[in-house]
Amino acid sequence: MPSRSMRAALIETPGSPAVAGERAEPTRGEGEVLVAVSAAPIVPLDRLCASGTSYFGVPSTPYVPGVQGVGLVLEGSADLPKGTPVWFATNAGMQPGDGSMRSVAAVPEHDVVALAEAADAVLVAALGLSAVAAWMALTFRGGLTAGERVLVLGAGGVVGQAAIQLARSAGAGRIVAAARGERSRERALALGADVAVPLGDTDDVTELADRLRVDGPVDLVVDPLFGAAAAAALRVLRPHGRLVNLGSSAGETAPIDSSTLRSRSLRVLGYTNNELTPAQRAEALAHVVAQVRAGRLTTAHEAVPLVDVTGVWDRGGDRIVLIP
């Protein structure tokens with residue numbers, strides 16, 4: 001019997017935007033769960049993989065992008081029966097195979113996490129692994145304790161927005177948000193930051209450090225930027241303070257000076273979601289969803305029909321979530 005076709009976003013040429021098209025509907029394989037996709041976010045990793053310039057290499061095309069999504073189980077298991085709301089991850093663009101930006105996805109069961117019934121599927125999709133990274137950078141890697149002061153760099157992005165709210169709910173004593181745009185700083189204050197600092201366009205570490213120091217020293221820095229901003233943030237840390245880097249959107253290198261690190265015995269820590277076990281990822285995601293349901297976690301996002309994927313593929317700003 002021939003396979004039925006379904007709606008899907010397709011990367012046909014590496015470096016070009018995804019296009020709307022059709023793909024054969026998958027069948028469930030051994031150890032897999034079949035999911036009716038409700039929402040699939042476009043995240044930076046999707047664009048990077050599709051560009052053909054990532055360290056994963058040039059992907060085989062055509063393929064369906066989407067490294068994560070949210071949906072309902074169509075065919076599952078005793079632990080994931082039909083109708084269960086789930087979040088799932090894929091290796092689309094990193095390994096051969098299709099991702100989340102389609103009507104139906106076949107996903108290994110170990111990459112599927114059951115969600116609470118009342119969770120907002122589109123919002124959970126928008127937050128997804130970005131919020132997981134923010135939470136684990138604060139806690140698992142950064143060791144945040146109640147009362148500590150936190151500086152969030154890149155506060156306008158989804159990771160930054162989530163870090164502000166999650167730090168607040170974890171008991172941070174003071175939260176400083178740093179972002180380039182005025183709108184991002186206003187949003188950071190609305191999300192719970194005590195102070196919002198402009199990063200501007202300068203790479204002068206001393207000037208940036210003076211701006212970041214406006215509210216006094218901090219104990220922990222969440223850094224998705226690196227570059228000059230990270231070097232400046234190190235100068236604002238208290239003795240034995242920690243900087244957790246989880247991105248390089250401002251630069252692959254940073255002008256860090258040895259005297260700053262040594263004089264206060266600072267710690268610079270790297271973080272990636274890839275180091276998490278499936279159990280750790282599921283636990284972190286459960287915390288994120290609990291915060292969403294409690295009304296303590298959100299992010300700026302826009303739901304867009306999957307058929308319009310080409311027009312929004314390279315759009316900056318708020319997180320785009322495709323609806324198949």
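The points below comment on the strands, helix contacts and backbone features of a predicted model.

1. The parallel sheet. Six strands form an open sheet with parallel pairing, and their order across it is β10-β9-β8-β11-β12-β13. The edges are taken by β10 (195-198) and β13 (267-270), each of which has a single partner strand, so one side of each is left without a neighbour in the sheet. From one strand to the next, the twist averages 20°.

2. One pairing within that order. Strand β8, covering residues 149-153, pairs with strand β9, covering residues 174-179, in the parallel sense and over five bridges. As a point of reference for anyone inspecting the register, L151 stands opposite V176 in β9. When the side chains of such strands are inspected, it may help to recall that in a regular strand they alternate between the two faces of the sheet.

3. The antiparallel pairings. Strand β3 (residues 32-42) pairs with strand β4 (residues 68-75) in the antiparallel sense over five bridges, and the bridge partner of V35 in β4 is V73. Strand β4 also pairs with strand β5 (residues 85-89), again in the antiparallel sense and over five bridges, where G71 has V86 of β5 as its bridge partner. β4 is thus paired with β3 and with β5.

4. Helices α2 and α8. Two packed helices are described by the angle between their axes and the distance between the axes. For helix α2 (residues 121-141) and helix α8 (residues 278-293), the angle is about 115° and the axes are 9 Å apart; the two helices are therefore roughly perpendicular to each other, and their crossing is right-handed. The α2 side of the contact consists of L123, V124, L127, G128, L129, A131, V132, W135, M136 and F140, while the α8 side consists of Q280, R281, A284, L285, H287, V288, V289 and V292. Sorted by class, this contact of α2 with α8 has 14 nonpolar, three polar and one charged residues.

5. Helices α5 and α6. Helix α5 (residues 205-212) packs against helix α6 (residues 227-234) at an angle of about 55°, with the axes 8 Å apart. These two helices are therefore oblique to each other, and the crossing of α5 and α6 is right-handed. On the α5 side the contact involves V205, L208, A209 and L212, which meet A228, A229, A231, A232 and A233 in α6. By class, the contact of α5 with α6 has nine nonpolar, no polar and no charged residues.

6. A231 in that contact. Residue A231 lies in helix α6 and, at 4% relative accessibility, counts as buried because the cut-off for that class is under 20%. Not counting residues up to four places away in sequence, A231 touches V205, P255 and I256, and V205 is one of the α5 residues that meet α6. As a long-range distance for checking, A231 and P96 are 135 residues apart in sequence and 38 Å apart in space, taken C-alpha to C-alpha.

7. D111 and its surroundings. D111 is placed in the loop between β6 (104-108) and β7 (112-114), and its 12% relative accessibility puts this residue in the buried class. Leaving aside neighbours within four places in sequence, D111 is in contact with W87, F88, A89 and R281. One of these residues, R281, is also among the α8 residues in the contact with α2, and a reviewer may wish to look at both settings together.

8. Backbone features that deserve a look. Most residues other than glycine have a negative phi, and most peptide bonds are trans. The bond that joins T61 and P62 is a cis peptide bond, with omega about -5°, and P62 lies in the loop between α1 (44-51) and β4. Two residues other than glycine have a positive phi: F226, with a value near 65°, and H240, with a value near 70°.

9. Where the positive phi values fall. F226 is in the loop between β11 (218-223) and α6, and at 17% relative accessibility F226 counts as buried. H240, by contrast, is found in strand β12 (residues 237-245), and at 51% relative accessibility H240 counts as exposed, because the cut-off for that class is over 50%.

Terms used
Residues numbered from 1 in each chain as written. Predicted model: local features only at pLDDT ≥ 70, side-chain atom pairs only at ≥ 80, totals over all residues. Heavy atoms only, no water. Axes fitted to C-alpha atoms, helices over the stretch in contact; angles between N-to-C directions. Helix = DSSP H or I, 4+ residues; strand = E, 2+ residues; numbered from the N terminus. Parallel < 35°, antiparallel > 145°, perpendicular 65-115°, else oblique. Left-handed = near helix turned anticlockwise from the far one by under 90°. Contact = heavy atoms within 4.5 Å. Nonpolar A, V, L, I, M, F, W, Y, C, P; charged D, E, K, R; others polar. Pairing = 2+ DSSP bridges. Buried < 20%, exposed > 50% of the residue type's maximum accessible area, 1.4 Å probe, protein only.
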